Amino acid sequence: MSNKQDALTSDAIKKIYQHAESTYPEECCGFVFASGTVHQGINIQNQLHEQDPTKYPRTAKNGYSLSFEDIQILNKSFDSDNKVVVIYHSHPDAGAYFSEEDTKQALFAGEPIYDVAYLVVETRNGMAEDCRLFQFNQGGFVDVPLINLVR
């Protein structure tokens, strides 16, 4: 599969929704390989917040940071035939939108850190209700229609 949307099969979306529901009321995070395989990441945002709340004012209820091991897997994928094509996270009790913080974390010097799309899952009362896909295009992140989504 070469298209970022192609990796988001109904099975992949189901696994991402299950991950989002299992971490509620905190954000989940992970990524999807080009093959459609979902890697459920570990959100270390609470650990970062506990270590330095000034530098990391957000907790896992409103932020995410992939673990060091997750970042290693993510980076190694770009040297393989099965690259990560989508990074996902959830927004507990908030909409599936790409926030200013999401944009800030996805860019370096105004350019995307990774050549991936970003999936944001909306969870309400512990249930995944919606998701939207965003991709960098002409200086900003735009909403990309999901083709394979099964709700």
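How many disulfides does a search of the whole structure find? The search returns 0 disulfides, and two neighbouring cysteines of this predicted model help to show what lies behind that count. The sulfur of Cys28 has its closest cysteine sulfur in Cys29, at 6.8 Å, which is too far for a bond, given that a disulfide requires the two sulfur atoms to be within 2.5 Å. Seen from Cys29, the closest cysteine sulfur is that of Cys28, again 6.8 Å away and too far for a bond. Cys28 counts as buried, at 1% relative accessibility, and Cys29 is buried too, with a relative accessible area of 1%.

With the cysteines settled, the overall build can be introduced. The protein contains 4 helices and 8 strands. Followed along the sequence, these elements appear in the pattern α-β-β-α-α-β-α-β-β-β-β-β. The radius of gyration is 14 Å, close to the 15 Å that the globule rule gives for 151 residues, so the protein is as compact as a globular protein of that length. Along the principal axes, the C-alpha atoms fill a box of roughly 40 × 35 × 30 Å. Of the 151 residues, 44% are buried. The accessible surface amounts to about 8200 Å², and carbon and sulfur atoms supply 48% of it. Among contacts with a separation of 6 or more, 64% are made by residues 24 or more positions apart.

The sheet comes next. It is an open sheet of 6 strands with mixed pairing, arranged in the order β2-β1-β3-β6-β7-β8. The edges are taken by β2 (38–40) and β8 (140–144); each has a single partner strand, so one side of each is left without a neighbour in the sheet. On average, neighbouring strands are turned by 30 degrees against each other, direction ignored. In general, strands of a sheet pair through backbone hydrogen bonds, in either a parallel or an antiparallel manner.

Two hairpins can be followed toward the β8 edge. β6 and β7 run antiparallel and are joined by 7 bridges, with Arg124 having Met127 in β7 as its bridge partner. The hairpin formed by these two strands has 2 residues between them, and Asn125 in the turn has a positive phi of about 50 degrees. Strand β7 (residues 127–137) also runs antiparallel to β8, to which 5 bridges join it. Here Phe134 stands opposite Asp143 in β8. This second hairpin likewise has 2 residues between its strands, and in its turn Gln138 has a positive phi of about 50 degrees.

Helices pack against these strands. Helix α1 (residues 10–23) lies across β1 (29–33), β2, β3 (84–92), β6 (117–124) and β7, running at about 115 degrees to β7. Helix α3 (residues 68–77) also packs on the sheet, where it touches β1, β2 and β3, and its direction makes about 20 degrees with that of β1.

A last stop is Tyr97, a residue of the loop between β3 and α4 (100–106). Is Tyr97 buried or partly exposed? With a relative accessible area of 40%, Tyr97 is partly exposed. Leaving aside neighbours within four places in sequence, Tyr97 is in contact with His91, Asp102, Val120, Arg132 and Phe134; Phe134 is the residue already met opposite Asp143 in β8. Gln72, by comparison, is 25 residues from Tyr97 in sequence and 27 Å from it in space, C-alpha to C-alpha.

Terms used:
Residues numbered from 1 in each chain as written. Predicted model: local features only at pLDDT ≥ 70, side-chain atom pairs only at ≥ 80, totals over all residues. Heavy atoms only, no water. Pairing = 2+ DSSP bridges. Axes fitted to C-alpha atoms, helices over the stretch in contact; angles between N-to-C directions. Contact = heavy atoms within 4.5 Å. Rg over C-alpha atoms; globule rule 2.2 N^0.38 Å. Buried < 20%, exposed > 50% of the residue type's maximum accessible area, 1.4 Å probe, protein only. Areas by Shrake-Rupley, 256 points an atom, 1.4 Å probe, with all protein chains shown as cover.
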